[in-house]
Amino acid sequence: MPSSQTASKLHIFGIRHHGPGSARSVLRALTALVPDVILVEGPPDAAAVLPLLAHPEMRPPVALLLYDPDQPRRSVYYPFAEYSPEWQAIHYGLTHEIPVRFMDLPQAHQMAMERVQEEKTAEEPSDDETETPAEPEAKLSEREEILRRDPLRLLAEAAGYSDSERWWEHLVEQQPEGHDLFEGITEAMGALREEAPAVRDELEEAREAYMRQTIRAAQREGFAKIAVVCGAWHAPALAEMPSAKSDKAILDGLPKTKIVATWIPWTNGRLSFASGYGAGIESPGWYHHLWSTPASHITARWLTRVAHLLRAQDLDASPASIIEAIRLADCLAAMRGRPLPGLPEMNEATQTVLCFGSDVPMRLIERDLIVGEALGRVPDETPSVPLQQDLQKLQKRLRMPAEAGWRDYDLDLRKPSDLERSELLHRLLLLGVPWGETTRAYGAKGTFREPWRVQWKPEFEVLLIEKGVWGNSVRDAAAAFASDAAEKAPDLPALTSLLDKILIANLPDAARKLMARLEEAAALASDVGHLMDALPPLANVQRYGDVRGSRLPIVAHVLDGLVARIAVGLSPACASLNDDAAAEMAERINATNAAILLLQNEEHLALWRDTLSRLSLQTNLHGLIAGRSARLLLDGGSLSADECARRMGLALSTASDPAQSAAWVEGFLKGSGTILLHDATLWRVLDEWVSSLTPDAFTQLLPLLRRTFATFTPPERRQMGERVRDGAALTAGHAGGDEEFDAARGEAALPLVALLLGLSRPIPPAL
C-alpha cells in the first residue's frame, strides 16, 4: 500500500526509473487508488507533447528530447521503456482521463543554470590554477562518495549483496505483490539521506523545491487524491515538506531560457549503463522479458529464446539441453533463496549447459538478448523540423528503415534506386550525420559497387535539428552546408577533398561554386606540398566521376595545371630536408604517383617520369626520397634492373654515410620486398652492404632496417629468411650469370613438362 498523508491525501510512489517490478507495483497501486491527479518526475516543458505517449503508433523505447532552439547541441533526453514506471503511470492516467503533469524543475531553468555555470567557469582567472584548495572541504569521505555515485549500494551491502543492481532486482523487480513496498522504500531512502547531507547540491535542492511547489499547486486546485511518481531518492523530501516560503526562496531568481520538446525513437543500447546513461540499467532486454512474460514462464521462455539464438548461429541447443538448463537455473535460485531465477542464475545455467562452459557465446547472448537492439517508434504527428521529415520520407521511399542494429547494403550504382541510396548516405555524411560508413568490397570488380554498413543512433536526431538551419530537405541542406564549407576552406587540399565529397553526393550547384573557388586557389597556391595533397582527390573525381554522371570538364583543366606545377617545383621542394620532412615528402610522392597512374594520361605520365628521373639524380637529396624515386621508376619501367642495381651500389658504397644508405634502402624497399626475391643483383648488393657494416654501424642502423623489413608481407619475409638460413642467397649464377647453363639437367625435365602441357610428343631439346 502506498504511503499517505491524511490531510492532503498525498500518495508517494518512490521508484527506480526503469524496472518491471516497479512498473507493476505502480500500476497496481494506481489501479487500487484511482487518483484525481498524477504527478510524475519529468520536465514540465514537455507538457504539450505528453499526450502523444498514449498514441496508438507510439512504440517504446522512446525518449523525450528537450533542446535549446538557438543551440540544439545543448539538449537533454528522458528515455522511457515500456517497463518504466513513469511510462506506465502516464499511460494509465491518459487512458483513464486522469490529469497527468510533470513536476521536475523545468529544463528551461536547468539548461540556463548549466550555461551560467559554464560561463562562470570560463571567466575564472588562470592564476588560481596553482592554488591548493583546502583539503578537508575539497574532499568527500569514501562513504559520501559512495552515496553520491550509488546510494543504494550501502543498503545492498547491509542486506548481504555486493551489487546494488542485484539487490534492487531481488527486492523490487521480482516481487509478485510488493505489499507496503513504497512505504519501505521511502523509509529506507530517508535513512540514506540522513547519512548524506554533504552530497546535496544547488540543482537537487531546486528540483525538489519545484516538485513540492507542484504538489502544493495540485492541492490548491482541490485534488483530493494526489499520486506522486518520483525517483526513490526524492520520496522522503516530498513526504515531509518544509514551508512553501523556503521553497519559493530557493526558486526565486533562477535563470531561464527557451526550450523545445519532442519525442524521438530510442534504443535498448542507450538504456544501458554502457552507453553512459546515468540512470541506465545493465539488462534492458532481460527487463523487457520480465515485463512481457508471466512469472511462471520466465525461465522456460528465456532459455528457449537463448536456444533459438544459438541455433541461428549453427550452435547446438537441443530441447534436452534447454530442460537441463531450466532445472539448473531453478536449483541455483532455490539454493540462494531467490523467489525466481534472476539473470545471474540464467547466465550460469546457459553457460554451463548450452555453451558447454565457454564464455564466447555469452557475448552474443548479452548483445542480442540481455541488452537487445530494439528501436522505438514515434507517431507521424510528433513535432519535428522539416529536415527530419524529409529524411523520414526518403527512408520510406528508398526502403532504408532506421534500425538500431547494423545492416549491410551492397549498392549497385548502375541501378537508380541504389544510386539514390548512395547519394542520401553521402549527403548525410557531408552534413555530419554518420548514419552509414563505406566498407571494403571483397571480390568487387569495377567502380559501380559500393558496400555500406548503416546503423541509426538516437543522437542523430539532434544533429538533424542542428543542421535544419541549412535547408528543409537533405539535398538543399547538404548543398548549402557544402557551399559554406567551401567558402571557409583554409587551403587547396581542403577544397579538393570537399569537391570529391560534393560530387559523390551529387550536388552539382555546390560543385560549380566550389570549382570557381578551386580554380582561383590552384592559381594562387605556391606550396608544392599543398599542390601534391590536392592532386589525389581531384584524380579520383576525374577517374570515377563518370560512374555517377558527375564528372566536371573543368577538373581536367585544373589537373593539367597541378601536374605541371608539381613537376616544376618538386625538385627544389625536396632539397635539404630533415628526416621528418623527408618522410612526409616521400608519402606525398607515393600518393602523387598513384594519382597520376590512376589518371592514365600519357602526357602526365611522361612529365612525372622526367620529374622522378631528375629527382633521383639530385645531389643534395635525402636518401629516403632518392630510394623511393628509384623504386617508382623501376616499377614504372623507366629504369632498368641493371641501372637500378648500379644506383643502389653507389648509394650503399663505403663512401656514403651509413645512415643515408639505410634511408635509401628504406625508401626503395618500404612496402614491398618482392624485388629482392626476383633480382639476384639487388639481393647481392644489399647483402654485401650489410656484411660490410662495422659492428657499431650495424647496431645503429638495425632499428631502421627492421622497420623497413617489417613492412614486407609475411610470405616475403619467410622466403627471405629461408634463403639466408639455407645459405642459398641468390647469386649471379643462380639467375643466369657467369655460370654455364646445365643443358643435360634441363633436357631431363622435358618429358614431364610435355606431359603436363598435354603435348603429343616431347619438347625438342632446342626449346
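User: How do you know that the end-to-end span of helix 29 agrees with its number of residues?

Analyst: Helices here are DSSP runs of H or I, at least four residues long, numbered from the N terminus (strands are runs of E, at least two). Helix 29 covers residues 658–669, which makes twelve residues. The expected span is 1.5 Å times one less than the number of residues, so helix 29 should stretch over 16 Å. Its end C-alpha atoms sit 16 Å apart, so the two values agree.

One heads-up: this is a predicted model, where local features need pLDDT of at least 70 and side-chain atom pairs count only at pLDDT 80 or more, while totals for chains, interfaces and linings use all residues. Residues are numbered from 1 along each chain as its sequence is written, and side-chain values use heavy atoms, with hydrogens and water left out.

User: What makes helix 29 "mostly covered"?

Analyst: Buried means under 20% relative accessible area (exposed is over 50%, partly exposed is in between; 1.4 Å probe, protein chains only). In helix 29, nine of the twelve residues are buried. Among them are Trp664, Val665, Phe668 and Leu669, along with Glu666.

User: What comes after helix 29, and what is its phi like?

Analyst: Gly671 follows helix 29, and its phi is positive, near 100°.

User: Why does Asn593 count as buried?

Analyst: Asn593 has 12% relative accessibility, so it falls into the buried class. You'll find Asn593 in helix 25, which runs over residues 579–599.

User: What joins the side chains of Asn593 and Trp608?

Analyst: A polar contact does, at 2.9 Å. The term covers a pair of N or O atoms within 3.5 Å; within protein, one must be able to donate a hydrogen and the other to accept it, and residues adjacent in sequence count only if both atoms are side-chain atoms.

User: Which residues is Asn593 in contact with, leaving aside its neighbours within four places in sequence?

Analyst: Contact means heavy atoms within 4.5 Å. On that rule, Asn593 touches Trp608, Leu612 and Leu632.

User: Why does Trp233 count as buried?

Analyst: Same kind of check: Trp233 comes out at 16% relative accessibility, so it counts as buried. Trp233 isn't in a helix or strand; it lies in the loop between strand 7 (226–231) and helix 10 (235–239).

User: How far apart are Trp233 and Arg16, in sequence and in space?

Analyst: Along the sequence, Trp233 and Arg16 are 217 residues apart. In space, though, their C-alpha atoms are 8.9 Å apart.
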